Amino acid sequence: MALRICSTLLRLTGEEVVRCPVKDGSRWPHNFQQRCSFRKAARKPESKKVEEELGQPHKESPDAVSHRRTSTPYWDQQAPPSPPRTFSHLIKPLVFTVGFTGCSFGSAAIWQYESVKFRVQSFFNEIRADWLEKLHPQKRGDIRKEINQWWNSLSEGQRTVTGIIAANAVVFCCWRVPSLQRSMIKHFTSNPASKTLCCPMILSTFSHFSFFHMAANMYVLWSFSTTAVSMLGREQFLAVYLSAGVVSTFISYVGKMATGRFGPSLGASGAIMAILAAVCTKMPESKLAIIFIPMFTFTAANALKAILAMDMAGLVLGWKFFDHAAHLGGAMFGIWYILFGHELIWKNREPFVNLWHNLRTRGGPGGGSM
């Protein structure tokens, strides 16, 4: 009603102003108030008719006033109050989950094929490069030399997750840019009540608004990266990580639709839970410790059971601090992949790789032989 009165008076005074939203029930900005309600305008014959149309001032109920004064995050205000709880709304995310998972493992198989092919072809080039370096050694203080030495000192798993950590850091910096807030909320937070459902399922996996949240997730990923990559290989590890991010988001959608607790979610916890669960399932007797109390150790199997129990309790009791459905979805995907998925998907990739090999070695423009 306030907006309607303001726009009517503006039309009477013949002034043009920019519309701006009212935040949390606060008053209009000072300059805007001066233009629409604190300055008398010349009365015209049609003003009486306007007053009749407006009628008595609208009175809000106490519940509406208290809700309007409640301070809530911007993305909570954007969500519809009562979205439809129909599971047909999840058909499109389900198709996206299946398709993205298949593309992830297919791309990983092709990447592995190309990596082996490249290593075979570059074998003699590396020998020649080592020979040239011995003839013309670089200076010890060369920055590039120091960076290469640091990079080579990392394990293959640590080098693999470095790109993931860098991507998360870039997205975290984008959250700090005010002009990008709307786009970040739309594309980098997952919410089944949102109009954008599919892209946020993967983009939210690289999204963290809190620095502590990002630091904790990336520390766990870095800690398990060496073991996970040595167990799965670089290509298979990335396929599992990306697929787990989408699968965990879909399980989060299902949980929110079932309970009616809608809201945005973001973070890499679902994908990291899949990696953690995969390692703990493959090596249940491994000893783990907490960073702040390293003297207290426990087996990987017990750690996995404790995490699953906590997330299950959080899902049943409605704890809202974490997205427990996403955690459970990621963990169950990791367990399933180690027990069944590796045999079902990765070991049956040979027909697909042979198809790619035939396409790559076919004669014609752009074709070649191995």
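Among contacts in the chain between residues at least 6 apart in sequence, what percentage join residues at least 24 apart? In this predicted model, the share of such contacts that link residues at least 24 apart comes to 73%. The chain has 370 residues, of which 34% are buried, and its secondary structure consists of 17 helices and 2 strands. The paragraphs that follow take up some of the helix pairs, then the strands, and then a few single residues.

A starting point is helix H13, residues 234–259, which takes part in two of the packings described here, one with H9 and one with H16. Helix H9, spanning residues 156–175, packs against H13 at an angle of about 40°, and the two axes lie 11 Å apart. An angle from 35 to 65 degrees falls outside the ranges for roughly parallel and roughly perpendicular, and H9 and H13 are therefore described as oblique to each other. Their crossing is right-handed. On the H9 side the contact is made by Glu156, Thr160, Val161 and Ile164, while H13 contributes Arg234, Phe237, Leu238 and Tyr241. Sorted by class, the residues of this contact of H9 with H13 comprise 5 nonpolar, 1 polar and 2 charged.

The packing of H13 with helix H16, residues 324–344, has an angle of about 135° and axes 8 Å apart. Angles count as roughly antiparallel over 145 degrees, and H13 and H16 are therefore again oblique to each other. The crossing of H13 and H16 is right-handed. From H13 the contact draws on Gln236, Val240, Ser243, Ala244, Val247, Ser248, Ile251 and Ser252, and from H16 on Ala325, Ala326, Gly329, Gly330, Phe333, Tyr337 and His342. In the contact of H13 with H16 there are 8 nonpolar and 7 polar residues, with no charged residue among them.

One residue of H13 in that contact, Ser243, also leads to helix H6, because Ser104, which is buried at 11% relative accessibility, touches Ser243 together with Ala239 and Leu242, residues up to four places away in sequence being left out of the count. Ser104 itself belongs to H6, which covers residues 91–121.

Further along the chain, helix H14 (residues 269–282) and helix H15 (residues 300–317) have axes that come within 8 Å and cross at roughly 140°. H14 and H15 are therefore oblique to each other, and the crossing is left-handed. Met273, Leu276, Ala277, Cys280 and Thr281 in H14 meet Ala300, Leu304, Ile307 and Asp311 in H15. The residues of this contact of H14 with H15 fall into 7 nonpolar, 1 polar and 1 charged.

How are the two strands arranged? Strand E1 (residues 287–290) and strand E2 (residues 293–299) run antiparallel and are joined by 4 bridges. E1 and E2 form a hairpin, with 2 residues between them, and Lys287 stands opposite Thr299 in E2.

Ala303 offers a view that takes in both the hairpin and the helix pair. This residue is found in helix H15 and is buried, with a relative accessible area of 10%. Leaving aside residues up to four places away in sequence, Ala303 touches Leu288 and Phe298; the strand E1 covers residues 287–290 and the strand E2 residues 293–299. The C-alpha atom of Ala303 is separated by 8.0 Å from that of Cys280, although the two residues are 23 apart along the chain, and Cys280 is one of the H14 residues that meet H15.

Is Ser207, which lies in a loop, buried or exposed? At 0% relative accessibility, Ser207 counts as buried, a state that requires under 20% relative accessible area. The loop in which Ser207 is found runs between helix H11 (199–203) and helix H12 (211–232). Not counting residues up to four places away in sequence, Ser207 touches Asn168, Val171, Trp175, Phe188, Leu266 and Gly267. Among these partners are Asn168, Val171 and Trp175, and helix H9 covers residues 156–175, so that the account of this loop residue returns to the helix whose packing against H13 was described at an angle of about 40°.

Methods: Residues numbered from 1 in each chain as written. Predicted model: local features only at pLDDT ≥ 70, side-chain atom pairs only at ≥ 80, totals over all residues. Heavy atoms only, no water. Buried < 20%, exposed > 50% of the residue type's maximum accessible area, 1.4 Å probe, protein only. Contact = heavy atoms within 4.5 Å. Pairing = 2+ DSSP bridges. Axes fitted to C-alpha atoms, helices over the stretch in contact; angles between N-to-C directions. Parallel < 35°, antiparallel > 145°, perpendicular 65-115°, else oblique. Left-handed = near helix turned anticlockwise from the far one by under 90°. Nonpolar A, V, L, I, M, F, W, Y, C, P; charged D, E, K, R; others polar.
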